[in-house]
Amino acid sequence: MTDTITKGMKVAFIGSECYPFIKTGGLGDVMYALPRALIRQGCEVRVFMPYYRCIPDRFRDKMTYVGSFMMNLTQDGRDFYVGIMETELDGVIYDFVDNREFFDWGNPYTGLWEDIPKYCYFSKASLAVLNYLDWIPDVIHCHDWQAALVPVFLRTQFDGTPVGAARTVLTIHNLRFQGICSIDHLKYWTGLPDFLFDYSVFKVNDREANMFKGGLAYTDRITTVSETYADEIQTDFYGEGLNGHLWYHRAKLLGIVNGIDVDIWDSRTDKLLPAPYGEADVLRAKVENKKALQERLGLAVDGDKFVIGLISRLTDQKGLDLIDAVFTQMVDDRVQVVILGTGDPRYENAFRYFESVYRGQVCAYIKHDESLAHQIYAGSDALLVPSLFEPCGLTQLIAMRYGTVPIVRETGGLKDTVEPYNEYTGDGNGFTFDRYQADLLLDAVKRAERVYFEDRPSWDAMVTRDMEKDVSWEHSADLYLQLYGELKG
Ligand code: ADP
């Protein structure tokens, strides 16, 4: 986008995690990749996050101390130290908010009781740091419940200060986590006035307040990470109790799908692959990568098997009960299944059990393993993502980029990024099913298997089409820029 309004636009990202400093999920990826895509479009971007003790020393050693001040936070007027540590990476400036009391122990997230004060402090301190640095952004882009108080502080305690001129966007990465606590707890840790503890802002019921709810009410715009999820969260089933609130604010709600970092996920240059490949040699290289994967995991080495991968957190969200229900019907002599993931012991044990029953045909690798993930994306023919809900989902995007055909449930970002295969026109990127039913998942797997074994030219054409699909951040960064431009006016 070359619009002059957005050239030189100043954008502050505020969020609780950012790759490569600290990452626990998709939020960390977005906080890394989107700012980089925006600076390529001519924006000035700074990222604000906490100065956690668990950020590796190799990053901490390169940070410089910029300054410090005391900030008033709580209802009883306690002052807290705010330090600023800074570093630069590929043109993006990262400012870390330092306070040992909040960030010097544990992982980023410990328990809600400690996390609520931590992120009340962080949201307010980030705004105070912007004023201290005298770097006033056009737009403040806040992420998830941990930064949801930013728009509220901005329009109350920071009204009339320099940063008060900024507009805000609040992105929902996952609505399941909202920052809910007692009204008294939130009142104490924010010092915010009583009128905000009303049903239209923070209040949930007579006892509880919800940080995300307040932020959604006060922000200028709300985005979430796919168009379908933007619609879904206004319904009872997906709305996690905030559907009515989101429906009320729907005029300012927009879905923009995530991309993936196409430098990290590049099958041509991927050093973790036994046989890197591009579109021209994918069919040959896939067999080589498949055999290497089978060898590594103790499966029967056979390039003709239909290998189905699953790379996932093993939680209820990911549709694993469907897989469990039809697993024995999914596996036949022509099929192998590779599972990589950790999580709920119920699923970990179910997959371990299937591995023991189907030795040489099924592997359940119950660990987090980056290098194996790369090998599975490259060595599988299809990747399963049958999620119950999926705000965006990255695994189906990575799979397509690696020429691995996704089999997904039509929900959230899965619906927006995987076009179902049409056997009459030959179009499509993968196999899909709509209702959350195990027999429909099985049917989708069997359809994929049939095309793979009985119509290989169509399958191979889909593999190439998937590799050519644009799953980068560029298009989505354009949409965010348009949104920022509208806010700037
Ligand atoms: P979510 O954020 O809900 O966990 P996403 O699909 O957005 O799901 O992102 C999952 C990311 O985590 C992908 O990059 C995937 O490759 C990676 N991943 C998930 N489980 C593992 C694992 N056990 N080992 C390595 N990478 C994993």
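How many nonpolar, polar and charged residues does the shell around the ligand have? The close-up views below take up that question and then move on to the aromatic rings of this predicted model.

**View 1. The shell around the ligand, sorted by class.** Here is the count: six residues of the shell are nonpolar, six are polar and four are charged. There are 16 residues around the ligand, and those that come nearest are R313, K318, K367, Y377 and L394.

**View 2. Polar partners of the ligand at R313, K367 and Y377.** Start with R313, where an N or O atom of the side chain is 2.7 Å from an oxygen atom of the ligand. The side chain of Y377 also has an N or O atom facing a ligand oxygen, this time at 2.8 Å. At K367 look to the backbone instead: one of its N or O atoms lies 2.9 Å from a nitrogen atom of the ligand. On its own the ligand has 570 Å² of accessible area, and the protein covers 86% of it. Two elements, α13 (370–379) and α14 (395–401), give two or more residues to the shell.

**View 3. An edge-to-face pair, Y119 and F122.** The structure holds 36 aromatic pairs, so to speak a small collection to browse. In the pair of Y119 and F122, the ring centres are 6.4 Å apart and the planes make an angle of 85°. Helix α4 (residues 112–133) carries both residues, which are three residues apart, about one turn of the helix. Y119 and F122 are both buried.

**View 4. A tilted pair, Y480 and Y484.** Now for another pair of rings, with planes at 35° and centres 6.4 Å apart. Why is this pair called tilted? An angle under 30 degrees would count as stacked and one over 60 as edge-to-face, so the 35° between Y480 and Y484 makes the pair tilted. Y480 and Y484 sit four residues apart in helix α18 (residues 474–488), so about one helical turn separates them. Y480 is buried, and Y484 is buried too.

**View 5. A cluster of linked rings.** Follow the ring pairs here and you will meet Y52, F80, F102, F103, Y121, Y188 and W189, which they link into a cluster.

**View 6. Charges over rings.** Over the ring of Y51 sits the charged end of R60, at 4.4 Å from the ring centre. The ring of F197 has the charged end of K187 over it, 5.4 Å from its centre.

Technical notes. Residues numbered from 1 in each chain as written. Predicted model: local features only at pLDDT ≥ 70, side-chain atom pairs only at ≥ 80, totals over all residues. Heavy atoms only, no water. Near = heavy atom within 4 Å. Polar contact = N/O pair within 3.5 Å; in protein donor to acceptor, adjacent residues only side chain to side chain. Areas by Shrake-Rupley, 256 points an atom, 1.4 Å probe, with all protein chains shown as cover. Nonpolar A, V, L, I, M, F, W, Y, C, P; charged D, E, K, R; others polar. Phe/Tyr/Trp six-rings, centres within 6.5 Å; stacked < 30°, edge-to-face > 60°. Buried < 20%, exposed > 50% of the residue type's maximum accessible area, 1.4 Å probe, protein only. Lys NZ or Arg CZ within 6 Å of the ring centre and 35° of its normal.
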